[in-house]
Amino acid sequence: MRNLRTSSANTVKVTDEIPANCTYVAGSASLAPTSVNGKTITWEIPTMAALEKLTITYKVATDKNIFSTTLWRDELETDFFETWDVEILEGGEIWQQLDYGINNSRALHANEAKDTTDFAVYMLNPAEAVLLGNEPSIYFYHQYNTQNTLDGGYLMVSEDGQIWERLSDSDWSLNGPNSDLSYSTFVVPNLRGFSGNSNGFIPSVANLSKWAGKKVYFKFRFGTYDNLVSTQPGRLGWTLDNLEIINPIYYNTTACVTSGLGDNICLASKGKGTLIESNKIVSVTPKDKEIKFNVFPNPAKAIAYVNLFNGEQFEVMNIVDATGKNIYSTVLNQSNQQQIKINTSQFSKGIYFVEIKGKQESRKQKLVIQ
Amino acid sequence: MFAKRGFGNAASQGSSNSVGDETEDYESLPECINAIRFNKKADFVVKPGEAFNV
């Protein structure tokens, strides 16, 4: 709070509301409040000198029974190649799973190269949660340290894994894009994302309500331009950790300042306020409705087998190559469990995707031919 | 021109240890404002049952 005047202000009064289900922690304020009355905390300041700056801090205790609800989570600890894939659009960098995460856990990392690069990491299958309930949102932790605007990254969302949509700034509830991203880097106009320095891991939350009732895929794209990088200390690039889909709950209230000189202004914290941490418990989806299959050996040479479970869900199996071309297709019968033998000796070496289509959904797995 | 973008006389970067605490300032000189200005900040995330800072 600042008195931006050439003279002093008298009878300054600051009020703030304690959020519902919260209480003021007695004695925690940096300046003792004049009163704490119900949900209102008040400070009365007799005078503020010309240009005087005053900061008041205090603590609010919360209810342990109120929290955001987790619908899906991927802490990126298991081998990410089973559920994520990478794509290189330009340059020689690739997303990697490294011990760069929170508490040295595994995380996905994009390096800021002294070069022009453009590369992404995306989900092979949608996050296993239908977006339902209050404001279904993606919640993740990330750290970035890049050259402003020219080097940075952004998030995309898809309902089919083919067409990817960007989020607008207004979709973000907490720590949304902090920067424009250069047209030189991504060749996308009016692109917003993350660049500069986050100074460590920060949480970000974006509202996915426009996909309510659906499942979605996520894709993170990172790019760099020219041979310059961030000059700030710390790890260069963009690191992602602890992805979740949640129904968030926030604490935020409005504070007001009045004075004897007629000041009367009110405002709340930026964005949605303070997110209440999620419970990290994912309700179990009924297994009989999930498409389950495995591919072995993988990598394969002349022959690969695909084991299918829960056959009543299956309709078609396709194998597509890295360019998306369908090179093998077979109609699946409806028996409950089956094994399909594929002669892969005619396949050229490389990466393929085995896609099983069911009545309701489809799932992909990677198959490597050596 | 800079004032329009929020980089006026009293704009500041905030703590180098956190983001989101930058102070925007849309006026040119304090004398031209002739009023009290303030902003409110709180922790980004709180664990249920724990206290957070405002």
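A:S198 is buried, with a relative accessible area of 0%; buried means under 20%, exposed over 50%, and partly exposed in between, using a 1.4 Å probe and protein chains only. Keep in mind that this is a predicted model, where local features need pLDDT of at least 70, side-chain atom pairs count only at pLDDT 80 or more, and totals for chains, interfaces and linings use all residues. Residues are numbered from 1 along each chain as its sequence is written, chains are lettered from A and ligands numbered from 1 in written order, and side-chain values use heavy atoms, without hydrogens and water.

So where is A:S198 along the chain? Look in the loop between β17 (191–193) and β18 (202–207) of chain A; strands are DSSP runs of E, at least two residues, numbered from the N terminus. Its C-alpha is 5.4 Å from that of A:Y144, although the two are 54 residues apart in sequence.

Now, salt bridges: a side-chain nitrogen of Lys or Arg within 4 Å of a carboxyl oxygen of Asp or Glu. The whole structure has 16 over all chains. One of them joins A:R5 and A:D263, at 2.9 Å from N to O. This pair ties together parts that are 258 residues apart in sequence, because A:R5 lies in the loop between β1 (2–4) and β2 (9–17), and A:D263 in the loop between β22 (254–258) and β23 (264–268). Both A:R5 and A:D263 are buried.

Another pair is A:E244 with A:K280, at 2.4 Å. Here A:E244 is buried, at 2% relative accessibility, whereas A:K280 is partly exposed, at 27%.

Technical notes
Helix = DSSP H or I, 4+ residues; strand = E, 2+ residues; numbered from the N terminus.
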